[in-house]
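I sat down with this one to see what its side chains are up to. My notes are in the order I looked things up.

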Amino acid sequence: MRAAAAEPVVADCTTGGAEVRCTVPVIPFVEWLGIRTERASEGESVLRHVPTADHLNAFDVVHGGVCMTLLDVAMAVAARSVEPGMGVVTIEMKTSFLRPAKGELVCQGRLLHRTATMAFTEANVVDAAGKTCAHATGTFKYVRRLATGRRSVQGMRGAAEKGAPVLATHPHSA
């Protein structure tokens, strides 16, 4: 059984060629895929992915789901980079696949516009030859980070199912 998700971590990222520290969320699925965040600042993000055989489809090219994950995460990281204390959730995403993705992939995300609660973004996946393989636009909602582990809603549900007492953690909780 896997441990509960950790809080965001500080990672090494680059901004304008200089090494900086940036906060990126820990997402187990993204870690499992091997996606690395290289930049997250000022409404922009850069992610890198070196596909393995497990990431390929029946045509021996990177599976579209891997590309869509890269695009989704790049857009989310770009949106979060201007509001690091908040999380974001995907509301809508439109993806166009332009050509098969092969080799090392770089995904650049960009915040196009934001309101108090929403972020409008775009991202591109580029292959090792510098060719754009996929493009996406996305809408994200800014949300407060939820508790993880034992104090989370999921953790409390699990405890309640096992007969453990559950204490309300919010004044409006039932």
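Below are my entries, starting with the whole chain and then going residue by residue.

**Entry 1: the whole chain**

First thing to jot down: this is a predicted model. I went for the secondary structure and got three helices and eight strands. Reading from the N terminus, I wrote the order of elements as β-β-α-β-β-α-β-β-β-β-α.

Next I checked burial. The chain has 174 residues, and buried ones make up 34% of them. For the surface I noted about 10400 Å² accessible, with 57% of that belonging to carbon and sulfur atoms. I also looked at how far contacts reach along the sequence. Taking contacts between residues at least 6 apart, 57% join residues at least 24 apart.

**Entry 2: salt bridges**

How many salt bridges does the structure hold? I found six. I followed up three of them.

R39 pairs with E44, and their closest N and O atoms are 2.5 Å apart. I looked up the exposure of both partners. R39 counts as buried because its relative accessibility of 16% is under the 20% cut-off. E44 comes out partly exposed at 32%.

E122 pairs with R110, with 2.6 Å between the closest N and O atoms. This pair links distant parts of the chain, since E122 is in strand β7 (residues 118-126) and R110 is in strand β6, twelve residues apart. E122 is buried, at 19% relative accessible area, while R110 is partly exposed at 39%.

R48 pairs with E104, and here the closest N and O atoms are 3.1 Å apart. This is another link between distant parts of the chain: R48 is in strand β4 and E104 in the loop between β5 and β6, 56 residues apart. R48 is partly exposed, with a relative accessible area of 21%.

Which residues are linked with R48 and E104 in a network of salt bridges? I wrote down R36 and E38, so the network is R36, E38, R48 and E104.

**Entry 3: a closer look at E104**

I stayed on E104 for a bit. It sits in the loop between β5 (86-97) and β6 (105-114). Is E104 buried, partly exposed or exposed? It is partly exposed, because its 33% relative accessible area falls between the 20% and 50% cut-offs.

Then I listed what E104 is in contact with, leaving aside neighbours within four places in sequence. The list is R48, H49, V50, P51, V126, D127 and A128. For P51 I checked the backbone too: the C-alpha atoms of E104 and P51 are separated by 6.5 Å, although the two are 53 residues apart along the chain. With R48, the side chain of E104 also makes a polar contact of 3.1 Å.

**Entry 4: S45**

I moved to S45, which is in strand β4 (residues 44-49). S45 counts as buried, at 1% relative accessibility. What does its side chain have for polar company? A polar atom of the S45 side chain lies 2.6 Å from the backbone oxygen of A74.

Skipping residues up to four places away in sequence, S45 touches R39, A40, A74, V77, A78, C107, Q108 and G109. R39 was in my salt-bridge entry as the partner of E44, and C107 leads to the next entry.

**Entry 5: cysteines**

How many disulfides does the structure hold? I got zero. C107 is in none, and its nearest cysteine sulfur, that of C67, is 8.5 Å away. C133 is in none either; its nearest cysteine sulfur also belongs to C67, at 6.5 Å. Neither distance makes a disulfide, because the cut-off is 2.5 Å between sulfur atoms.

I looked up exposure for these two as well. C107 is buried, with a relative accessible area of 0%. C133 counts as buried at 1%.

**Entry 6: a nonpolar patch**

Last stop was the surface. Which residues form a nonpolar patch there? I27, F29 and W32 do, with about 350 Å² of accessible area together.

I checked W32 on its own. It lies in helix α1 (residues 28-33). W32 is exposed, because its relative accessible area of 62% is over the 50% cut-off.

Conventions:
Residues numbered from 1 in each chain as written. Predicted model: local features only at pLDDT ≥ 70, side-chain atom pairs only at ≥ 80, totals over all residues. Heavy atoms only, no water. Helix = DSSP H or I, 4+ residues; strand = E, 2+ residues; numbered from the N terminus. Buried < 20%, exposed > 50% of the residue type's maximum accessible area, 1.4 Å probe, protein only. Contact = heavy atoms within 4.5 Å. Polar contact = N/O pair within 3.5 Å; in protein donor to acceptor, adjacent residues only side chain to side chain. Patch = residues over 30% accessible without salt bridge, like charges linked within 9 Å, V, L, I, M, F, W, Y side chains within 5 Å. Areas by Shrake-Rupley, 256 points an atom, 1.4 Å probe, with all protein chains shown as cover. Salt bridge = Lys/Arg side-chain N within 4 Å of Asp/Glu carboxyl O.
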